[in-house]
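Me: Please take a close look at a single strand of this model, and describe how that strand sits within its surroundings. I would like one connected account rather than a list.

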Amino acid sequence: MSGTGISDTVRADFDACLAGPDEDGALELATGLVTGGVNAEDVLLGLVAPAQVRVGERWESGEWTVAQEHAATHVSRLAVDAIASAARTGGTARTPAGADPLRHVLVACSDGEWHVLPSHILTEVLRLRGFEVRSLGGSVSPHELLSDVHQNGPDVVALSCTLSWNLPLAHRQIETCRCAGVPVMTGGPGFGPEGTWAYALGADLYAADARGAAEALLHRWPPVTCGESSVQAAAVEAYAALVRQRPELLAHVTHALHDVLPGLRSRSGMAHEEAADFLGRLLDSLAAAVFVADDRVFTGHLAFAATYLSARSVHPRCLLVLTDALTDHLRASPRALTALAAGHRYLTEQAADSRPGE
Ligand code: B12
């Protein structure tokens, strides 16, 4: 049992409900904790959020299909709503001492980001802490964000980013809020370790989880615009060049991998378009690494891709074919070459670590 009052048995039972999927069982279990006196925030962050991480691991390892992952995520989404509603009626929500009820937070996902559940959990945690929250959901364009900021005048925008290749798009959102004079709080694994890339993009605040977000806002109210983008003009130029070359680069790596791709597609059940997406995301990660001038954006995604391929019996050495093909093609882009060299080093080290014959 952890300090949250949620035992390992309850966690295992909730996992089993997601695997079922057993909507009724999951909702009964989660709301039962709240009505039984466990703090709703602890149930959201100590039960649902970690269960979703395990859902991801099961999909990544090939144990679960995409459909199983979708079904489980749907149940988690329902559980989040049910937990929040049980807390409102049952009264296990923590309310901040002396909170002004008109503290407006606008929650949005970064452009291109369809991982909505994290922002949904954040929304409910902030509401339970007494904030007035408007949530715009997945993939919000800078234009939509600005319209809503003008229309509703939030005190702060809370931006969620799960996938690092969305960082260049998140930058536009942060710049948009800056022009409108609204501070931006950021969160989600896409912003990197301790929010490194969020601060590089000019975010004003970063929090590792929804509890941290609520605490930071409560202690530093009203939030102010203080961040400064350190993205260099030369990096933006190099990024834009990669974006322009994307179709050609995609064709080039697809050609370089033509021996491997059919195996990958048949073993993973990927359709032709999905295989193209898989390669396209590697290019997008390279471009995002160039944008924020940090190779870890690219190597981090290679780590995911290598695990994904290994779990589907495709040797991750095919990623070396990809980095080598891109290196050949991008000789005129020193920033891309630096990230590719880091990617090559990472993959070579991984290959050396794996046992012979694997
Ligand atoms: C569910 C899910 C999906 C669903 C999302 C549905 C939905 N409505 O949300 C769907 C099917 C759409 C999806 C799609 C994809 N997914 Co997905 N997905 C997941 C999964 C399993 C769970 C996400 C989740 O809900 N996590 C739980 C939340 C609570 O955790 P969290 O993100 O850490 O959030 C907390 C904090 O970060 C913080 N926080 C979050 N936002 C904010 C914002 C602010 C302001 C603050 C302060 C704090 C904060 O607070 C939260 C609560 O404490 C993850 C696995 C994982 N490890 O998360 C993979 C995962 C994120 N997905 C992954 C991938 C690869 C994809 C796809 C590319 C796959 C594909 N087939 O194309 C697409 C991309 C879609 C896109 N363009 O956005 C990979 C990413 C790997 C990587 N680094 O590249 C992961 C990690 C799975 C894995 N292990 O391989 N996915």
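Reply: In this predicted model, five of the five residues of strand E3 are buried, so E3 is largely enclosed by the rest of the structure. The side chains are divided between two directions, with Val156, Ala158 and Ser160 pointing one way from E3 and Val157 and Leu159 pointing the other way, and all of them are buried.

The neighbours of E3 in the sheet account for part of this setting. Five strands make up an open sheet with parallel pairing, in the order E2-E1-E3-E4-E5, and the edges are taken by strand E2 (132-135) and strand E5 (205-206), each of which pairs on one side only. E3 runs parallel to E1 and is joined to E1 by five bridges; here Val157 of E3 has Leu106 standing opposite. E3 and E4 also run parallel, joined by four bridges, and in this pairing Ser160 stands opposite Gly187 in E4. Further along, strand E4 (residues 184-187) pairs with E5 in the parallel sense over two bridges, where Thr186 has Tyr206 of E5 as its bridge partner.

Helices add to the surroundings of the strand. Helix H5 (residues 117-128) packs on the sheet and touches strand E1 (104-109), E2 and strand E3 (156-160), with a direction that makes about 170° with that of E1. Helix H9 (residues 210-219) lies across E1, E3, E4 and E5, and runs at about 160° to E4.

The end of E3 also leads to the ligand, since Ser160 is listed, together with Trp114, His115, Val116 and Leu117, as one of the closest of the 38 residues that surround the ligand. Among the polar approaches, a backbone N or O atom of Gly112 lies 3.2 Å from a nitrogen atom of the ligand, an N or O atom in the side chain of Glu113 is 3.4 Å from a ligand oxygen atom, and a polar side-chain atom of Arg281 lies 3.2 Å from an oxygen atom of the ligand. E3 is one of the elements that give two or more residues to the shell around the ligand, the others being helix H3 (40-60), helix H4 (66-90), H5, E4, H9 and helix H13 (296-311). The largest share of that shell, seven residues, comes from H3, and the residues of the shell divide into 21 nonpolar, 12 polar and five charged. Taken together, E3 is a buried strand that is bridged to E1 and to E4, and that also contributes to the shell around the ligand.

Definitions and conventions: Residues numbered from 1 in each chain as written. Predicted model: local features only at pLDDT ≥ 70, side-chain atom pairs only at ≥ 80, totals over all residues. Heavy atoms only, no water. Pairing = 2+ DSSP bridges. Contact = heavy atoms within 4.5 Å. Axes fitted to C-alpha atoms, helices over the stretch in contact; angles between N-to-C directions. Near = heavy atom within 4 Å. Polar contact = N/O pair within 3.5 Å; in protein donor to acceptor, adjacent residues only side chain to side chain. Nonpolar A, V, L, I, M, F, W, Y, C, P; charged D, E, K, R; others polar. Buried < 20%, exposed > 50% of the residue type's maximum accessible area, 1.4 Å probe, protein only.
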